[in-house]
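Here's a quick tour of a small report's worth of structure. Have a look at the fold before reading on.

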Amino acid sequence: SDVYSCGMVLLAVVTAKGAADGGEEEGEGEETMGMVKIGVLCTAEAPEERPRMAQVLTMMSEFM
């Protein structure tokens, strides 16, 4: 799987959601920051530093 592209899409969705909401409800801040961290991991400059797609799914399930 293309983990880099997944990270880019994740970051785009999270940032667009935050801008559209205009604010966060209680508990959303932790979820949003978790997704941002996952997006950053997925877009690491060196491909060998990026997580595998299975790891990404596991990390995402922790925040949902």
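Going along the sequence, the pattern is α-α-α. In total the secondary structure amounts to three helices and zero strands. Keep in mind that this is a predicted model.

Here are the helices and the residues they span; each of them gives at least two residues to the largest nonpolar core.

| Helix | Residues |
|---|---|
| α1 | 3-21 |
| α2 | 28-42 |
| α3 | 53-63 |

So much for the layout; now the inside. Which residues make up the largest nonpolar core? There are eight: V3, L10, V14, M35, I38, C42, V56 and M60. α1, α2 and α3 each put in at least two of them. Across the whole chain of 64 residues, 23% are buried.

Next, the pairing of α2 and α3. Their axes sit 9 Å apart, and the packing angle is about 170°. Since anything over 145 degrees counts as roughly antiparallel, that is what α2 is with respect to α3. On the α2 side, the residues that meet α3 are E30, E31, G34, M35, I38, L41 and C42, while α3 brings V56, M59, M60 and F63. Sorted by class, this contact has eight nonpolar residues, two charged ones and one polar one.

Two members of the core are worth a stop. One is C42, with contacts to V3, Y4, G7, R50, P51 and V56 once residues up to four places away in sequence are set aside. Of these partners, V3 and V56 are core members too.

The other is M60, which lies in helix α3. Is M60 buried or exposed? Its relative accessibility is 17%, and because the cut-off for buried is under 20%, M60 counts as buried. Leaving out residues up to four places away in sequence, M60 touches L10, M35 and I38, and these three also belong to the core. M60 and G34 are 26 residues apart in sequence, yet their C-alpha atoms are 7.9 Å apart in space.

How does that look over the whole chain? Taking contacts between residues at least 6 apart in sequence, 61% join residues at least 24 apart.

Last, the outside. The chain has an accessible surface of about 4,500 Å², and carbon and sulfur atoms account for 57% of this area.

Methods:
Residues numbered from 1 in each chain as written. Predicted model: local features only at pLDDT ≥ 70, side-chain atom pairs only at ≥ 80, totals over all residues. Heavy atoms only, no water. Core = buried A, V, L, I, M, F, W, Y, C linked by side-chain atoms within 4.5 Å. Buried < 20%, exposed > 50% of the residue type's maximum accessible area, 1.4 Å probe, protein only. Helix = DSSP H or I, 4+ residues; strand = E, 2+ residues; numbered from the N terminus. Contact = heavy atoms within 4.5 Å. Axes fitted to C-alpha atoms, helices over the stretch in contact; angles between N-to-C directions. Parallel < 35°, antiparallel > 145°, perpendicular 65-115°, else oblique. Nonpolar A, V, L, I, M, F, W, Y, C, P; charged D, E, K, R; others polar. Areas by Shrake-Rupley, 256 points an atom, 1.4 Å probe, with all protein chains shown as cover.
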